[in-house]
Amino acid sequence: MLIVEEGFVVEKETHLTVMKTSLFFSGDGFAVYNCTGQLVFRVDSYGPDTRDSGELVLMDPNGRCLLTVRRKRPSLHQRWEGFLGERREGDKPIFSVRRSSIIGRSNMTVELFGDRIDEYNIEGNFGNRNCTIYDSGKEIMADIRRKVDATTNVMLGKDVFSLTLKPGFDGAFAMGLVLVLDQINGDDDGDDEVVDIEPTVEDCNISS
């Protein structure tokens with residue numbers, strides 16, 4: 001299942017906590033933690049016009065560029081493309097994401113390019129943090145869900161949610177898809193309950 005980098009392909013079911021954040025502005029920044037509270041991925045947002053730039057970079061905790069997602073313009077299906085590392089002019093994408101239909105909030109189709117031609121489907125409603133990533137054989141590869149505080153049993157706001165990776169899936173690729181879903185869908189669906197907490201060790205209930 002290597003798509004972006006071998007070191008992020010999980011060997012067992014893995015639960016990550018994704019937090020929307022920003023260095024200076026309320027924008028498109030993210031911080032992703034594992035079940036012990038260690039930072040795994042980050043996306044920095046430096047200004048209010050980040051969303052308008054149509055390009056985001058996924059980094060490791062040390063700021064190394066892993067993946068760039070970029071909106072393809074023009075595109076009726078809101079197509080986005082993913083590039084290894086920091087995208088440069090002339091680079092070819094390794095995957096693309098597009099709406100399955102131009103009408104309404106449809107599911108997403110993910111196409112892989114290069115040596116490994118494959119297809120994934122994303123079904124559900126990311127705006128409500130409730131969607132699933134399937135491979136071409138309809139096997140579940142990752143789930144995105146609202147997060148519940150294990151100590152209070154309170155559902156957290158949509159700025160904090162869970163990303164569960166199935167064994168063999170590339171976590172960096174999954175997080176790249178999350179960035180695209182966030183850009184396409186936005187945060188205008190459902191009610192929002194805000195509870196500000198850090199990731200807890202209760203998220204470490206990982207099956208082998």
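In this predicted model, Asp143 is buried, because its relative accessible area is 15% and buried means under 20%. The acidic side chain of Asp143 meets the side chain of Arg145 in a salt bridge, with 3.4 Å from N to O. Arg145, in turn, counts as partly exposed, because its relative accessibility is 32%. Side chains of opposite charge can pair when their charged atoms come close.

Both partners of this bridge also meet Ser162. Once the neighbours within four places in sequence are set aside, Ser162 is in contact with Asp143 and Arg145, and also with Leu16, Ile144 and Lys147. Ser162 belongs to strand β14, which covers residues 160-165. With a relative accessible area of 17%, Ser162 is buried.

It helps to step back and view the chain as a whole. Its secondary structure comprises two helices and 14 strands. Of the 208 residues in the protein chain, 47% are buried. Among contacts with a separation of 6 or more, 44% are between residues 24 or more positions apart. The surface that the protein chain exposes comes to about 10,400 Å², and carbon and sulfur atoms supply 47% of that area.

Salt bridges come next. The structure holds eleven of them. In one of these, Glu5 pairs with Arg64, and the closest N and O atoms are 2.9 Å apart. Glu5 lies in the segment before β1 (14-21), while Arg64 lies in the loop between β4 (55-59) and β5 (65-71), so this bridge ties together parts that are 59 residues apart in sequence. Glu5 is partly exposed, with a relative accessible area of 25%, and Arg64 also counts as partly exposed, at 40% relative accessibility. The pair does not stand alone: Glu5, Asp60 and Arg64 are linked in a network of salt bridges.

Another salt bridge joins Glu13 to Lys166, where the closest N and O atoms are 2.9 Å apart. This pair links distant parts of the chain, with Glu13 in the segment before β1 and Lys166 in the loop between β14 and α2 (171-185), 153 residues apart. Glu13 is buried, because its relative accessible area is 17% and the cut-off for buried is under 20%.

The aromatic residues add a further set of links. A pair of aromatic rings is described by the distance of the centres and the angle of the planes. The count of aromatic pairs comes to six. In the pair formed by Phe126 and Phe161, the arrangement is edge-to-face, with 5.7 Å centre to centre and 90° between the planes. Here too, distant parts of the chain are linked: Phe126 sits in the loop between β9 (119-125) and β10 (130-134), whereas Phe161 sits in strand β14, 35 residues apart. Both Phe126 and Phe161 are buried. Strand β14 therefore appears twice in this account, since it holds Ser162 as well as Phe161, by the run of residues counted as a strand. Elsewhere, ring pairs join Phe95, Tyr120, Phe169 and Phe173 into a cluster.

Rings can also have a charged partner in this model. Arg129 lies over the face of Phe126, at 4.4 Å from the ring centre, so Phe126 has a charge over its ring under the 6 Å limit for such a placement. The charged end of Arg87 likewise sits over the ring of Phe83, 5.8 Å from its centre.

Technical notes:
Residues numbered from 1 in each chain as written. Predicted model: local features only at pLDDT ≥ 70, side-chain atom pairs only at ≥ 80, totals over all residues. Heavy atoms only, no water. Helix = DSSP H or I, 4+ residues; strand = E, 2+ residues; numbered from the N terminus. Buried < 20%, exposed > 50% of the residue type's maximum accessible area, 1.4 Å probe, protein only. Contact = heavy atoms within 4.5 Å. Areas by Shrake-Rupley, 256 points an atom, 1.4 Å probe, with all protein chains shown as cover. Phe/Tyr/Trp six-rings, centres within 6.5 Å; stacked < 30°, edge-to-face > 60°. Lys NZ or Arg CZ within 6 Å of the ring centre and 35° of its normal. Salt bridge = Lys/Arg side-chain N within 4 Å of Asp/Glu carboxyl O.
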